[in-house]
Amino acid sequence: MVSITNGILTIQVANKGAELQSIYHSQNKLEYLWSGDPTYWAKKSPVLFPIVGELKNGSYTYKGQQYKLSRHGFAREMEFELTEQSTDSLTFSIKSDERTLAVYPFPFAFSVKYSLIENIVQVTYIVENSGTETMYFSVGGHPAFKVPIEGGTDFEDYHLTFNEKETAGRWPVSSDGLIKPEATPLLINENILPLTKELFSADAVVLIGLKSTSVTIESTKTEYKLRVGFEGFPYLGIWETKGGDFVCI
């Protein structure tokens, strides 16, 4: 476990999966990351690589050979090396090896860099193709933020605010973890999505091709909130599991 602080934020990161373990705001005295209670969901902020989500039948074919990859890929279960550390940043890295090549036949180097910029945690994914052929991959974050953020408020006191008004459907997730081919209506020229437990009764909310580049978890009952930027990412997933007091973005 490695930690850094800039006097406003303190973060802790585990070598396993290069996974964030804590985002603590020293001035507000608030922890913003989910506790990782294994009763509900033991992860806190897994890094998803080289796939995001599930493969059909858990496998894919490349150059006539079949390979199997589990949901969200293998990076989240690997031991990363701390390859760079400064007063305000940490970089964790892995490289392809015999184990990865057996399920993902592409030589690669993959790094995750966490930087503190005032009250912002900036996350940078660095994917390097170490081979000579086209490398197919997906990459993403799965951070779970504590909701309610402040004591004395409830989960359903909060909502998500997109930075642009959206007309966007929800792409349902099938029982085998695949995205269904047709969206169902969700946002109609609006930028507020109330958080309810019912919203996640059919698994994650998947949104595609939004105009927005950020979404904020906030409530009218507290001044404390958290904004997540996702500029450049074509898919946005929002998820909560039954009984868990968190929202993954």
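Me: How many bridges join strand β9 (residues 89–95) to β10?
Reply: This is a predicted model, in which local features need pLDDT of at least 70 and side-chain atom pairs count only at pLDDT 80 or more, while totals for chains, interfaces and linings use all residues. Residues are numbered from 1 along each chain as its sequence is written, and side-chain values use heavy atoms, with hydrogens and water left out. Strands are DSSP runs (E, at least two residues) numbered from the N terminus, and two of them pair if DSSP finds at least two bridges between them. Strand β9 runs antiparallel to β10, with Leu-90 having Tyr-114 as its bridge partner in β10, and the number of bridges that join β9 to β10 is 7.

Me: Which residue in the turn between β10 and β11 has a positive phi?
Reply: Strand β11 (residues 120–129) runs antiparallel to β10 and is joined to it by 10 bridges. Ser-111 stands opposite Ile-126, and Ser-115 has Gln-122 as its bridge partner. The two strands form a hairpin with 2 residues between them, and the turn residue with a positive phi, of about 55 degrees, is Glu-118.

Me: Which strand gives the most residues to the largest nonpolar core?
Reply: A nonpolar core is a set of buried Ala, Val, Leu, Ile, Met, Phe, Trp, Tyr and Cys residues joined through side-chain atoms within 4.5 Å, where buried means under 20% relative accessible area, exposed over 50% and partly exposed in between (1.4 Å probe, protein chains only). The largest core has 60 residues, and Phe-110 and Ile-238 are among those with the most contacts inside it. Of the 10 residues in β10, 8 are buried. The strand that gives the most to this core, with 5 residues, is β10.

Me: What is the size, in residues, of the second, separate core?
Reply: Ile-238 has contacts (heavy atoms within 4.5 Å) with Phe-162, Ala-204 and Cys-248, among others, not counting residues up to four places away in sequence. Ala-204 and Cys-248 are included, with Trp-41 and Phe-246, in the second, separate core, whose size is 7 residues.

Me: Is Ala-183 buried or partly exposed?
Reply: Ala-183 lies in the loop between β14 (158–170) and β15 (184–194). Leaving aside residues up to four places away in sequence, Ala-183 touches Gly-169, Arg-170, Trp-171 and Pro-172. Its C-alpha atom and that of Leu-207, 24 residues apart along the chain, are separated by 9.0 Å. With a relative accessible area of 36%, Ala-183 is partly exposed.

Me: Which strands stand at the edges of the open sheet of 4 strands?
Reply: The order of this sheet is β1-β2-β3-β4, with antiparallel pairing. β1 pairs with strand β2 (residues 9–13) over 4 bridges, and Thr-5 stands opposite Thr-10 in β2. Two strands have a single partner each, so one side of each is left without a neighbour in the sheet, and these edge strands are β1 (2–5) and β4 (30–31).
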